[in-house]
Amino acid sequence: MAKTILKMKDIKKEFSGVKALKNACFELKEGEVHALMGENGAGKSTLIKVLCGILSPDGGETEYFGERVEFPDIAHSQAAGISVIHQELNMMNHLSVAQNIYIGREPVKNAMIDDSEMIRASEELFERIGVKIDPTVMLGELTVGKQQMVEIAKAISRECRLLVLDEPTAALTEPEVEELFKIMGELREKGIGMIYISHRMDEITRISDRVTVMRDGEYVGTVDTDKTTKDEIVHMMVGRMVYGGQKEKSNVDQNAPNVLEVIDLCAGENVKNVSFQLKKGEILGFAGLMGAGRTETARAVYGADKKDSGDIFINGKRVFINSPADAVKNGICYLSEDRKRYGLMLSKSVCENTALASLGNYQKFGFLNDREIERISKEKNGLLRTKTPSMQQLIRNLSGGNQQKVIVARWLIKDCDIFIFDEPTRGIDIGAKSEMYELMEALAAEGKSIIMISSELAEILRLSDRIIVMCEGRITANMDISEANQEKIMKFATLRNIQGKE
Amino acid sequence: MDNLIIRSKNNRFRFKFGQNYIILFALAALVLVFFLLNPNFTDRYNLVSMAQSLSPYAILGLGVTFVIATGGIDLSIGTVCIAAAVVAGKMYTSGLLGDNLWLTIPIMIMIGIDFGLLNGFLVAYLKLPAFIATLGTMMLSRGLSALIVSDPNIFFPGGTWFNRVFSNNNGIPTGIFWVLGFALICGYIMYKNKIGRYILSIGSNEEATRLSGINTQNYKLIAYTISGLMAGVAAIFWAAAFPTVAAATGNGMELDAIAGVYIGGTSAAGGVASVSGTVIGAALLVVIRNGLNMILAKFNLNLNSTYVTYVLTGIIVVVAVLMDVIKTGKRNKFRIRKREKKS
């Protein structure tokens with residue numbers, strides 16, 4: 001029986017009222033590849049951050065090689081042999097491979113950095129894990145896959161005993177994935193424990209020994225990979241009905257007119273020939289994994305990013321949308337997934353944030369009518385039941401749900417007809433979530449049309465009249481709510497992988 | 001100016017106005033110290049002279065406040081101001097404008113606007129970093145004006161209506177009234193017109209403003225154009241106060257004006273601007289320069305007053321901006337935490 005490296009029990013973590021981790025548990029043995037799975041927001045990344053000391057837990061305990069630990073920061077966890085390979089690599093493109101590996105602990109000879117020793121050591125390192133990379137080339141010249149191997153080599157050079165791989169294959173090509181798995185095999189031989197985070201089911205079943213599933217910050221269960229099936233894992237990941245169950249059938253009249261029609265939209269790498277229609281009063285759910293191109297599609301439709309090609313029709317008329325200003329003129333509005341970065345002016349008041357899009361309507365003879373602006377902000381925020389002591393309250397002091405409402409109020413003033421909600425309930429608590437759902441349903445009932453991007457399947461199934469599933473920049477399914485279920489959506493969301501492998 | 005919006009119970013405005021009190025207090029304290037050390041400091045003659053040199057700095061500051069409010073910077077204002085004065089003055093002295101001294105006014109303003117538009121185009125549409133774009137126009141305007149006008153000095157006529165209207169009418173510092181007038185107009189644009197609101201919104205969160213359907217490029221262009229226009233306007237007051245304009249004078253003028261803006265409480269990160277603070281900040285700098293001059297002269301200290309002024313100004317700018325940093329510190333911490341949570 002292999003030794004246990006890591007034991008995390010009942011880890012708790014709360015962010016300003018939102019419970020990210022409730023009672024997360026995890027265990028890792030020597031020479032084991034242990035997959036950590038869960039939907040977006042299930043708490044995987046938070047758990048890893050607690051492990052390596054970026055976040056301090058509010059409760060629970062961590063045992064590392066039999067000793068109870070709580071690392072104060074990442075330097076301590078690294079010193080103890082824990083390395084994390086992030087989805088996005090944190091390395092210096094303008095330094096050589098060897099310099100990247102030994103940054104911060106360069107070998108020194110005669111008060112000078114000993115480059116030849118550094119290169120020799122790097123070569124030895126690459127030999128140990130069996131990859132061919134020239135340590136003298138600039139890191140930026142390597143492919144993402146090779147860069148990842150450099151990062152792994154760096155971890156090995158630090159005598160790492162626990163390696164976390166956070167979606168390592170997201171940006172890799174097929175042969176690169178193969179090479180990565182080969183290296184992981186070598187590391188397994190050396191007794192290094194690996195935590196493997198990925199959404200790709202086929203990779204999990206191939207490489208991992210055990211799978212632990214998390215959901216809503218809670219531990220769901222751990223299974224041996226060879227004693228389970230993909231379906232069982234998917235079921236563990238999504239198997240719950242928290243938000244009042246699935247909508248049974250579409251509320252939209254079959255003959256309702258199309259308010260928005262997108263034909264063959266292409267934009268960059270992540271939006272490939274996307275076509276869809278949005279009917280009046282419809283809630284159209286966009287499901288898919290992170291990086292499937294849903295946000296990119298929305299941003300291209302909205303004119304926030306450049307499109308390469310494609311036509312957009314509104315109420316049957318062709319329109320040209322090259323900037324958000326054009327989109328707003330055509331009655332489209334967009335509520336970003338990242339409110340703080342793309343939605344709010346944090347240092348300004350509720351009133352100023354509400355009126356941001358429509359100041360022009362409240363200027364008479366060159367003077368802004370502040371009283372009228374405050375009145376309309378109050379009216380719309382009152383309608384949405386935004387909880388704020390006054391319109392002059394700084395928006396940063398509001399909770400996530402109320403901040404979201406302020407942005408909805410912004411667009412209500414503007415009287416938009418098409419709402420694009422990108423992850424409308426990210427980072428807001430359960431109570432505010434159901435209010436948000438009611439709000440979207442009310443908007444749809446009023447005849448507004450809604451595109452809702454969400455990574456929470458329960459949310460998609462609860463609200464949508466129709467569901468579009470995207471995978472790697474393409475639409476893989478377009479189904480009516482009556483024929484949708486979680487397993488089916490999950491299947492289409494990972495379509496390429498399943499087809500490619502089986 | 002700020003009290004137009006002070007009626008809100010918003011902490012930020014209260015704090016901003018609080019900072020106004022602090023610099024007003026600092027200004028009063030400095031005047032008192034200088035008066036005690038050299039009673040001549042508050043001579044009518046000296047006060048008028050200070051008011052005269054205040055006008056161009058305050059007006060440059062008012063203009064660049066709009067750019068700083070967007071989170072940008074305009075380094076070219078000083079050299080554009082001198083370029084406008086030199087070119088218009090040369091046109092007049094060479095007889096090109098005949099006897100019409102008034103024609104120099106629209107010429108100076110037009111030159112300012114042109115450079116402002118150029119800056120705005122480079123920053124808003126070609127997306128150059130503001131520091132680099134305006135550093136370029138700064139050098140460009142200095143070089144071009146010196147090339148066009150080869151004379152080392154340009155003499156505007158002294159003692160004419162021009163000086164009386166814009167600088168000093170028999171001991172009445174007329175320039176100061178213009179400054180107050182321009183401050184009112186700038187306050188109106190900044191706080192009561194959507195142009196200012198959107199400029200401040202861009203400074204707060206440019207991407208959120210753009211995604212709200214605002215044409216942020218246009219508003220940035222407007223901010224830089226206002227800055228250039230005011231540099232042209234400042235040239236009028238410069239020429240009226242100091243009729244001998246040399247292409248080499250006014251080096252570092254932009255830095256004095258910008259320092260005044262920061263001292264006045266406008267945030268270097270954008271989003272928060274104080275128009276009244278800019279005028280008070282400019283006044284503070286003028287008082288320091290003049291006061292130190294007089295003290296050094298009186299006590300026969302063998303120190304170069306310009307350098308002493310720099311030392312003192314430097315300290316004040318750092319302290320003023322430090323206050324801004326402490327004030328926004330909470331927000332920054334919040335941002336960092338947020339980023340950790342996301343990644």
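The exchange below concerns chain A of a predicted model.

Biologist: How many helices and strands does chain A have?

Modeller: Chain A has 18 helices and 24 strands.

Biologist: What makes chain A as compact as a globular protein of that length?

Modeller: The globule rule gives 23 Å for 502 residues, and the radius of gyration of chain A is 25 Å. The two values are close, so chain A counts as being as compact as a globular protein of that length. Along the principal axes, its C-alpha atoms fill a box of roughly 75 × 55 × 45 Å.

Biologist: What share of the contacts in chain A with a separation of 6 or more comes from residues 24 or more positions apart?

Modeller: Such residues account for 67% of those contacts.

Biologist: What percentage of the residues of chain A count as buried, and how much area does the chain expose?

Modeller: Of the 502 residues, 57% count as buried. The chain exposes about 21,400 Å², with 48% of that supplied by carbon and sulfur atoms.

Biologist: How far apart are the mean positions of the positive and negative charges of chain A?

Modeller: They are 4 Å apart, taken over 67 positive and 76 negative charges.

Biologist: Where does A:S358 lie, and why is it called buried?

Modeller: A:S358 is in the loop that runs between helix 12 (350-355) and strand 19 (363-364) of chain A. Buried means under 20% relative accessible area. A:S358 has 1%, so it is buried.

Biologist: Which residues does A:S358 touch, leaving out those up to four places away in sequence?

Modeller: A:S358 touches A:I413, A:K414 and B:Y198.

Note on methods:
Residues numbered from 1 in each chain as written. Chains lettered and ligands numbered in written order. Predicted model: local features only at pLDDT ≥ 70, side-chain atom pairs only at ≥ 80, totals over all residues. Heavy atoms only, no water. Helix = DSSP H or I, 4+ residues; strand = E, 2+ residues; numbered from the N terminus. Rg over C-alpha atoms; globule rule 2.2 N^0.38 Å. Buried < 20%, exposed > 50% of the residue type's maximum accessible area, 1.4 Å probe, protein only. Contact = heavy atoms within 4.5 Å. Areas by Shrake-Rupley, 256 points an atom, 1.4 Å probe, with all protein chains shown as cover. Lys, Arg positive; Asp, Glu negative; His and termini not counted. Charge placed at Lys NZ, Arg CZ, Asp CG, Glu CD.
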